[in-house]
Amino acid sequence: MAEKNNLKQGEFFCPVCGKGIFDGYNSLEECECCGWRNDGRQTDDPNFARPSSNVHTLNESRELYNKGMSILK
Ligand SMILES: [Zn+2]
């Protein structure tokens with residue numbers, strides 16, 4: 001896991017697991033730790049549902065992740 005001060009400009013930690021690093025807002029990359037897709041609409045609104053690149057809202061994904069469950073189903 002990278003240290004916070006190793007982040008380059010614009011990079012941020014995955015809002016679901018806090019471990020993966022994304023290049024920037026709405027990059028649509030997949031988190032290598034939890035599989036969440038970096039969907040800017042969900043970053044803006046954690047309750048944003050469909051259409052989204054993710055199965056669950058950001059809030060739901062966080063809950064599932066915290067329970068140790070997959071956020072991909
Ligand atoms: Zn993640």
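**Exercise 1. Decide whether Asn26 is buried, partly exposed or exposed in this predicted model.**

Solution. Start by counting neighbours: Asn26 has 15 other C-beta atoms within 10 Å. Next, recall the cut-offs: 20 or more would make a residue buried, and 12 or fewer would make it exposed. The count for Asn26 therefore places this residue in the partly exposed class. Now locate Asn26 in the chain: it sits in the loop between β2 (21–22) and α1 (40–44). Finally, look at its backbone: phi is near 55 degrees, a positive value in a residue other than glycine. As a reminder, most residues other than glycine have a negative phi.

**Exercise 2. Work through Leu28 in the same way: where does it lie, and is it buried or exposed?**

Solution. Leu28 belongs to the loop between β2 and α1. Within 10 Å there are 10 other C-beta atoms, so Leu28 is exposed. Its phi, near 60 degrees, is positive too, and this residue is not a glycine.

**Exercise 3. Describe the overall fold, and check the radius of gyration against that of a compact globule.**

Solution. First, list the elements: the protein has two helices and two strands, arranged along the sequence as β-β-α-α. Second, compare radii: for 73 residues a compact globule would come near 11 Å, and the protein has 12 Å, so the two agree. Third, take the box along the principal axes: the C-alpha atoms fill roughly 30 × 25 × 15 Å. Last, turn to burial and contacts: 19% of the 73 residues count as buried. Among contacts with a separation of 6 or more, 17% join residues 24 or more positions apart.

Key: Residues are numbered from 1 along each chain as its sequence is written. This is a predicted model: local features need pLDDT of at least 70, side-chain atom pairs count only at pLDDT 80 or more; totals for chains, interfaces and linings use all residues. Helices (H or I, at least four residues) and strands (E, at least two) are DSSP runs, numbered from the N terminus. The radius of gyration is taken over C-alpha atoms; the globule rule is 2.2 Å times the number of residues to the power 0.38. Two residues are in contact if their C-beta atoms, placed from the backbone, lie within 7 Å.
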